[in-house]
Amino acid sequence: MDYSEVLNRARELVNENCKVCKDCNGIVCKGKVPGVGGKGSGSGFIRNREKLNDVKVNLDTIIEEKEIDTSIELFGMKFEYPIFAAPIGAVPLNYSPALDDYEYTEAIIEGCKEAGVIGFTGDGVKDEYYDLPLQVVKEHDGHGVPTIKPWEKEEIIAKIKKAEKSGAPAVAMDIDAAGLVTLALLGKPVGTKSVKELKEIISSTKLPVILKGIMTAEGAKKALEAGAYGIVVSNHGGRVLDHTPATIEVLPDIAQAVKGKMKIFIDGGFRSGLDVFKGLALGADAILIARPYVVSAYGGRAEGVKIYTEKLGNELKQTMIMTGCHNLKDINKNKVFI
Ligand SMILES: Cc1cc2nc3c(=O)[nH]c(=O)nc-3n(C[C@H](O)[C@H](O)[C@H](O)COP(=O)(O)O)c2cc1C
């Protein structure tokens with residue numbers, strides 16, 4: 001199987017909600033929440049893509065030829081690439097019932113594991129949206145990062161305990177889901193959290209906690225104060241608030257505030273290894289990718305996920321060769337043109 005076959009198969013299975021566009025850029029699906037688009041005008045998602053396209057890379061091949069090392073160590077594990085599958089909750093509902101939650105997560109967890117990276121799992125209004133993916137993580141020796149919604153504190157802590165039992169190396173919380181209308185519509189509200197509440201949540205576990213949905217340097221500093229291991233610079237793919245800036249636009253300020261003090265992940269419109277390179281150059285330690293991973297899972301299950309990850313990894317390597325980088329530490333803001 002190759003990547004174009006993966007896309008063709010996915011097109012047959014998910015065409016109701018997602019058209020598997022050549023460039024997954026939020027235009028065709030804008031406003032579709034539930035569905036796969038960005039909220040309202042859809043501009044949060046669309047701008048993520050546009051602004052990544054505006055970043056250009058600086059070519060420089062006058063450098064000693066050496067083996068290219070794309071590996072990274074995070075939460076005590078070594079990964080082949082700084083590329084991870086982002087959490088997606090309630091996939092059958094938002095995409096298509098052609099895969100159930102268990103099958104989807106299995107594809108993500110196995111495919112990522114085979115490619116030497118890791119997948120984040122999602123959460124949702126029903127308990128099974130968290131528990132089923134977690135079961136898959138447990139069955140794969142804890143190879144996954146469960147992501148919990150900002151429910152009431154007691155429920156979050158109970159879900160963290162379940163994550164600990166699964167053997168997961170870290171846990172995440174999409175703190176920006178405080179704005180998810182879909183959950184409120186279904187009668188299960190989520191809410192904002194103070195630094196004090198976050199401290200209580202984070203100190204309830206020995207697992208590293210990653211806060212997902214940070215879009216300002218102020219927010220990043222608060223996450224640091226709360227004791228988070230890392231943050232995901234994310235606007236939730238434009239799904240929680242309309243008219244946000246693109247994640248790549250706010251990354252440099254955030255990196256200036258907290259780089260080296262905590263891990264910085266980013267998502268939002270990253271589609272290729274070239275995009276991954278741009279995120280690393282502007283201050284991220286690693287990149288999360290969501291929608292294209294879902295498409296790869298529908299199109300080729302674990303094999304599709306592995307093929308997509310290796311494609312991204314090869315593109316990243318090629319970009320490193322062409323910009324004079326031997327390892328991830330060599331990638332810095334001088335390597336891009338903005
Ligand atoms: C259908 C759908 C469901 C999502 N569910 C979750 C979720 O349960 N938890 C979460 O943290 N993020 C969730 N996200 C957000 C993604 O993890 C990611 O932040 C966002 O899609 C941006 O990445 P992308 O442009 O690569 O898709 C969801 C996104 C989509 C499109």
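Biologist: How many residues surround the ligand, and which are the closest?

Modeller: In this predicted model, 23 residues surround the ligand, and the closest are Pro-87, Gly-89, Asp-267, Gly-269 and Ala-290.

Biologist: Which polar atoms of Gly-89 lie 2.9 Å from a nitrogen atom of the ligand?

Modeller: For Gly-89 the partner is a backbone N or O atom, placed 2.9 Å from that ligand nitrogen. Side chains take part as well: an N or O atom of the Lys-149 side chain is 3.1 Å from a ligand oxygen, and for the side chain of Ser-234 the corresponding distance to a ligand oxygen is 3.4 Å. The ligand on its own has 610 Å² of accessible area, of which the protein covers 98%.

Biologist: At what angle do helix 4 and helix 12 pack?

Modeller: Angles under 35 degrees count as roughly parallel. Helix 4 (residues 101–115) and helix 12 (residues 291–322) meet at about 10 degrees, their axes 7 Å apart, and therefore helix 4 is roughly parallel to helix 12. Among the contacting residues are Tyr-104, Ala-107 and Ile-108 of helix 4 and Ala-297, Arg-301 and Val-305 of helix 12. By class, this contact has 10 nonpolar, 2 polar and 6 charged residues.

Biologist: Where is the place of Ser-204, and which residues is Ser-204 in contact with, leaving aside its neighbours within four places in sequence?

Modeller: Ser-204 belongs to the loop between helix 8 (195–202) and strand 8 (209–214). Beyond those neighbours, Ser-204 contacts Ile-157, Ile-160, Lys-161 and Glu-164. Ile-157 is 47 residues away along the chain, yet the two C-alpha atoms are separated by 7.0 Å. Locally, a polar atom of the Ser-204 side chain lies 2.6 Å from the backbone oxygen of Ile-201.

Definitions and conventions. Residues numbered from 1 in each chain as written. Predicted model: local features only at pLDDT ≥ 70, side-chain atom pairs only at ≥ 80, totals over all residues. Heavy atoms only, no water. Axes fitted to C-alpha atoms, helices over the stretch in contact; angles between N-to-C directions. Helix = DSSP H or I, 4+ residues; strand = E, 2+ residues; numbered from the N terminus. Parallel < 35°, antiparallel > 145°, perpendicular 65-115°, else oblique. Contact = heavy atoms within 4.5 Å. Nonpolar A, V, L, I, M, F, W, Y, C, P; charged D, E, K, R; others polar. Near = heavy atom within 4 Å. Polar contact = N/O pair within 3.5 Å; in protein donor to acceptor, adjacent residues only side chain to side chain. Areas by Shrake-Rupley, 256 points an atom, 1.4 Å probe, with all protein chains shown as cover.
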